[in-house]
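Let's walk through this one together, contact by contact. Have a look at it before we start.

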Amino acid sequence: VQLVESGGGPVQAGGFSRLSCVASVTTFSMSDMAWYRSVPGKQRELVAGINSGGTTNYVDSVKGRFTVSRDNAKKTMYLQMNSLSPDDTAVYYCNIRRFYSYWGQGTQVTVSS
């Protein structure tokens, strides 16, 4: 199983960015997906999740600003991030899980003030 994230990079505060995660797994539509983020010195944090049925959940700090979605035909999960702040600076990882759990390599998002 391979997960490939893309879409990170530098962005100014108040701006937006869209992350993508493409999964090479035949059971994508039956798998739960999630975005996590990590900053040095802190535990990896669950940012947003979307299960196989399309139900979503978010950490409080991103509610109303981030939107997670998936396209099962493209085996891709997205994270639309709006109104970004420097506190959102992190490496963002995608995760897929069912009877297994796999991680992508991560993509850096840097928000400058």
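What follows is a chat about ring contacts, charges and strands.

Visitor: Before we dig in, what kind of model is this?
Guide: Keep in mind that no value here comes from a bench experiment on this chain; everything is computed from the model. The model is predicted.

Visitor: How many aromatic pairs does a search of the whole structure find?
Guide: One pair is made by Y36 and W103. Another is made by Y100 and Y102. The whole-structure search puts the number of aromatic pairs at two.

Visitor: Take Y36 and W103: is that pair stacked, tilted or edge-to-face?
Guide: The ring centres of Y36 and W103 are 4.8 Å apart, and their planes meet at 65°. Planes over 60 degrees apart count as edge-to-face. So the pair of Y36 and W103 is edge-to-face.

Visitor: And how far apart in sequence are the parts that this pair ties together?
Guide: Y36 belongs to strand β4, which covers residues 32–38. W103 belongs to strand β10, residues 101–103. The Y36–W103 pair therefore ties together parts separated in sequence by 67 residues.

Visitor: What about Y100 and Y102: stacked, tilted or edge-to-face?
Guide: Here the ring centres of Y100 and Y102 are 5.6 Å apart, with the planes at 40°. Stacked needs planes under 30 degrees apart and edge-to-face needs over 60. An angle of 40° fits neither, so the pair of Y100 and Y102 is tilted.

Visitor: Is Y36 buried or exposed?
Guide: The cut-off for buried is under 20% relative accessible area. Y36 has 18% relative accessibility, whereas W103 has 38% and counts as partly exposed. With its 18%, Y36 counts as buried.

Visitor: Which residue has its charged end over the ring of W103?
Guide: There are charges over rings here, including R18, which lies over the face of Y78 at 4.0 Å from the ring centre. Over the ring of W103, the charged end sits 4.5 Å from the centre, and it belongs to R44.

Visitor: On to salt bridges. Which residue does E45 form a salt bridge with?
Guide: E45 is partly exposed, at a relative accessible area of 29%. Its salt-bridge partner is buried, at 8% relative accessibility. The closest N and O atoms are 2.7 Å apart, and the partner of E45 is R37.

Visitor: How far apart in sequence are the parts that R37 and D88 tie together?
Guide: R37 and D88 form a salt bridge, with the closest N and O atoms 3.0 Å apart. R37 lies in strand β4, and D88 in the loop between β8 and β9. So the parts they tie together are apart in sequence by 51 residues.

Visitor: D88 also forms a salt bridge with R65, so are both buried or exposed?
Guide: In the salt bridge of D88 and R65, the closest N and O atoms are 2.8 Å apart. D88 has 1% relative accessibility, and the cut-off for buried is under 20%. R65 falls in the same class as D88: both are buried.

Visitor: Which residues are linked in a network of salt bridges?
Guide: R37 has salt bridges with E45 and with D88. D88 in turn has one with R65. The linked residues are R37, E45, R65 and D88.

Visitor: Last one: which are the edge strands of the four-stranded open sheet?
Guide: The order in this sheet is β1-β3-β8-β7, with antiparallel pairing. An edge strand pairs on one side only, and that leaves β1 and β7.

Terms used:
Residues numbered from 1 in each chain as written. Predicted model: local features only at pLDDT ≥ 70, side-chain atom pairs only at ≥ 80, totals over all residues. Heavy atoms only, no water. Phe/Tyr/Trp six-rings, centres within 6.5 Å; stacked < 30°, edge-to-face > 60°. Helix = DSSP H or I, 4+ residues; strand = E, 2+ residues; numbered from the N terminus. Buried < 20%, exposed > 50% of the residue type's maximum accessible area, 1.4 Å probe, protein only. Lys NZ or Arg CZ within 6 Å of the ring centre and 35° of its normal. Salt bridge = Lys/Arg side-chain N within 4 Å of Asp/Glu carboxyl O. Pairing = 2+ DSSP bridges.
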